[in-house]
Amino acid sequence: MLGMCRGRRKFLVASLALLFIPALTWLYLSVGSFQVKPLPLSPLEAQSSTPVGGAGERQALELRVRAVEEENRALRRELSRPPRSPSARHPNGGHRGNQSRTHSEEGTGDNEGQKAAAGGNSSDCVQQPVVDKCETIHVAIVCAGYNASRDVVTLVKSVLFHRRNPLHFHFITDSIAQQILSSLFHTWMVPAVKVDFYDADELKSEVSWIPNKHYSGIYGLMKLVLTKTLPSDLQRVIVLDTDITFATDIAELWAVFHKFKGQQVLGLVENQSDWYLGNLWKNHRPWPALGRGFNTGVILLLLDRLRKLRWEQMWRLTAERELMSMLSTSLADQDIFNAVIKQNPFLVHQLPCFWNVQLSDHTRSEKCYKDVSDLKVIHWNSPKKLRVKNKHVEFFRNLYLTFLEYDGNLLRRELFGCPSEADHNSENAPDAGGPAVPALRSRLRGADEPGERRLPHRLQRGTVLPCQPAA
């Protein structure tokens with residue numbers, strides 16, 4: 001009997017446990033649900049005092065949707081605005097893919113150091129002043145002897161290959177160079193090209209009194225007398241050395257004249273060697289110069305303003321004064337130009353250094369470019385010429401040799417929209433005939449003989465040279 005009672009008690013306890021455990025669990029969960037607050041859908045809901053519940057959640061969601069819609073409307077308004085020009089983004093004309101360049105501010109002038117900011121020198125986004133397609137571009141070159149004639153033909157072909165404007169060449173030459181060049185231009189018959197020759201022998205007396213140690217000899221001083229030599233009605237001219245190769249349209253350089261301000265009459269690139277700093281060797285004593293000085297392989301001359309400033313008297317007085325202590329020039333006309341600029345800094349407009357990439361042994365020319373699209377003018381300003389030491393000398397040499405071998409007859413193309421002259425050379429060009437001409441032309445094999453068309457190595461934008469640019 002006692003056993004049965006105990007068994008019933010156990011059964012009753014078990015039954016009660018089965019009934020109360022679910023009830024307690026439900027009660028615990030119900031109480032917990034009243035204590036947990038729902039997570040807010042947005043910061044706006046968290047800050048609101050809306051009671052928790054279905055209506056509060058809907059209101060918070062509506063607030064969030066309205067906020068997102070407002071953001072979308074603001075974004076659409078921003079995207080609907082017209083794009084800003086490069087000049088608006090960059091107060092000084094900005095960069096051009098390669099105009100974000102780091103090439104140091106050497107070789108830039110006025111505010112052009114900021115235009116040439118970090119890594120190259122190109123000019124895609126830099127807005128250039130427009131040159132009328134029929135505006136004639138004047139180029140002056142001093143050229144004498146067989147070797148100089150060979151160099152100048154390569155220079156002329158590189159200019160003609162890229163040009164889109166009529167050109168007028170002014171050559172200061174001896175009789176040999178005059179025969180060669182007149183024969184070539186008559187043979188090529190290039191439209192919209194005019195050529196004038198000026199007898200260098202008549203100019204020797206103007207500069208023969210200046211002792212000169214430079215390998216160019218007396219002809220290296222004749223750029224000083226261009227204001228007197230060239231026609232009096234000629235207002236501006238680009239002056240080039242014979243050892244120059246163009247890699248762009250010369251009209252881009254002609255457009256730089258529009259950037260001259262105040263009394264600026266000379267456009268020059270800063271010298272890329274330490275010559276004028278006087279630290280190349282012990283007891284090195286260069287002519288006076290402003291900072292690193294300027295290289296005269298490429299010069300923009302405002303002839304009309306120079307004449308008004310009495311340029312002839314200015315450079316003569318400076319040369320006479322400096323020769324009392326220096327005794328002779330080492331770099332020909334460049335020493336005298338720099339001495340004048342040292343006394344009159346306001347005369348010079350400093351050009352970006354890609355307008356005169358100098359390839360002598362001790363230059364910092366690699367700071368002027370990052371890829372080949374930066375290159376505009378290459379200057380072989382070393383007695384070694386193509387044998388000069390440079391990181392990318394193979395590339396530059398191939399470009400030069402391509403133009404050297406280029407058939408000049410392939411440059412005979414019309415400039416559409418501009419009147420073409422029947423006579424492509426000026427009246428003072430001598431007759432292209434004569435027994436001496438074929439022999440002279442044979443020295444320039446490939447320059448004027450028809451043959452298979454071979455296009456020069458074109459500079460493709462984006463092609464990176466195999467090196468890292470200098471910092």
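In this predicted model, Ile210 lies in the loop that connects helix 8 and helix 9. Ile210 is buried: its relative accessible area is 5%, against a cut-off of under 20%. Leaving aside residues up to four places away in sequence, Ile210 touches Leu221, Leu224, Trp315, Leu323, Thr329 and Ile336. One of these partners, Leu323, is 113 residues away along the chain. The C-alpha atoms of Ile210 and Leu323 are nevertheless separated by 8.2 Å.

Leu323 belongs to the buried set of helix 12. The other members of that set are Trp311, Glu312, Met314, Trp315, Thr318, Ala319, Glu322 and Met326. Viewed down the helix axis, the buried residues fall within an arc of 160 degrees, so they line one face of helix 12. Their cover includes helix 8 (204-207), helix 9 (226-229), helix 11 (303-308) and helix 13 (333-343).

Helix 12 itself runs over residues 311-326. At 1.5 Å a residue, its 16 residues should span 22 Å, and the end C-alpha atoms are 22 Å apart, which agrees. Just after the helix, Leu327 adopts a positive phi of about 70 degrees.

The contact with helix 13 was examined further. The axes of helix 12 and helix 13 come within 9 Å and cross at roughly 100 degrees. An angle of 65 to 115 degrees counts as roughly perpendicular, and the two helices are therefore roughly perpendicular to each other. Helix 12 contributes Trp311, Met314, Trp315, Thr318, Ala319, Arg321 and Glu322 to the contact. These meet Ile336, Phe337, Ala339, Val340 and Gln343 of helix 13. The contact residues divide into 8 nonpolar, 2 polar and 2 charged.

Key: Residues are numbered from 1 along each chain as its sequence is written. This is a predicted model: local features need pLDDT of at least 70, side-chain atom pairs count only at pLDDT 80 or more; totals for chains, interfaces and linings use all residues. Side-chain values use heavy atoms; hydrogens and water are left out. Helices (H or I, at least four residues) and strands (E, at least two) are DSSP runs, numbered from the N terminus. The expected span of a helix is 1.5 Å times one less than its number of residues. Buried means under 20% relative accessible area, exposed over 50%, partly exposed in between (1.4 Å probe, protein chains only). The arc is that of the directions from the helix axis to the C-beta atoms. Contact means heavy atoms within 4.5 Å. Axes are lines fitted to C-alpha atoms, for helices over the stretch in contact, and angles run from 0 to 180 degrees between N-to-C directions. Angles under 35 degrees count as roughly parallel, over 145 as roughly antiparallel, 65 to 115 as roughly perpendicular and the rest as oblique. Ala, Val, Leu, Ile, Met, Phe, Trp, Tyr, Cys and Pro count as nonpolar, Asp, Glu, Lys and Arg as charged, and the others, Gly among them, as polar.
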